[in-house]
Amino acid sequence: MVERIFERVRFASRWLLAPFYAALGIGIVVLLVKLLRELAHFVLHMWDATESQVVLGVPTMVDLSLTASLLIIVMFSGYENFVSKIDHADHKDWPAWMGTIDFTGLKLKLVSSIVAISAISLLKAFMDLKAMSDRDLYWLVGIHMVFVVSGLLMALTDRTIAGHHEW
């Protein structure tokens, strides 16, 4: 009987994760406010902006969009994988990927999103070379390469562990 109670309490503790996923929803609101601020700045200064400032403004918005999309993926996939299944029968616009991403898929999507966000940050740095020191650029490239190699190693490890040896 003690064992059964212990197991039920442990199983119910998964609901402690729910506030974390709710906080990610608040994070999306914060990103939206930042996006609207960047968009207002971008539009209000479009007439006097240089070409490089315009080229830098667009990746900033893409970066924020990718980050918000990453939060959506983590929020829904994490909730469904670790807390509870979402009843989506009444949602006609339910995306096909929701409910199908397991923990391995979630990790790979997370890493690939981080690599994409890092690549955009690196692109922004290369577009404004005069404002960056060589040392800072080396660090950005090095950190980006760590993300790329980590993602490749994680994908390779997951593929090997899962027994998928065909390439």
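These questions and answers cover helix packing, a nonpolar core and one buried histidine in a predicted model.

Residues are numbered from 1 along each chain as its sequence is written, and side-chain values use heavy atoms, without hydrogens and water. Local features need pLDDT of at least 70, side-chain atom pairs count only at pLDDT 80 or more, and totals for chains, interfaces and linings use all residues.

User: How are α2 and α3 oriented to each other, roughly parallel or roughly antiparallel?

Analyst: Helices here are DSSP runs (H or I, at least four residues), numbered from the N terminus. Helix α2 spans residues 18-44 and helix α3 residues 51-82; their axes are 10 Å apart, at an angle of about 170°. Axes are lines fitted to C-alpha atoms over the stretch in contact, with angles from 0 to 180 degrees between N-to-C directions. Angles over 145 degrees count as roughly antiparallel, so α2 and α3 are roughly antiparallel.

User: Which helix supplies the largest share of the largest nonpolar core?

Analyst: A nonpolar core is a set of buried Ala, Val, Leu, Ile, Met, Phe, Trp, Tyr and Cys residues joined through side-chain atoms within 4.5 Å. The largest one has eight residues: Y21, I28, L31, L64, A68, L71, M75 and V83. Both α2 and α3 give at least two of them. The largest share, four residues, comes from α3.

User: Is H144 buried or exposed?

Analyst: H144 lies in helix α5, residues 134-162. Buried means under 20% relative accessible area and exposed over 50%, with a 1.4 Å probe and protein chains only. At 11% relative accessibility, H144 therefore counts as buried.

Note on methods
Helices (H or I, at least four residues) and strands (E, at least two) are DSSP runs, numbered from the N terminus. Angles under 35 degrees count as roughly parallel, over 145 as roughly antiparallel, 65 to 115 as roughly perpendicular and the rest as oblique.
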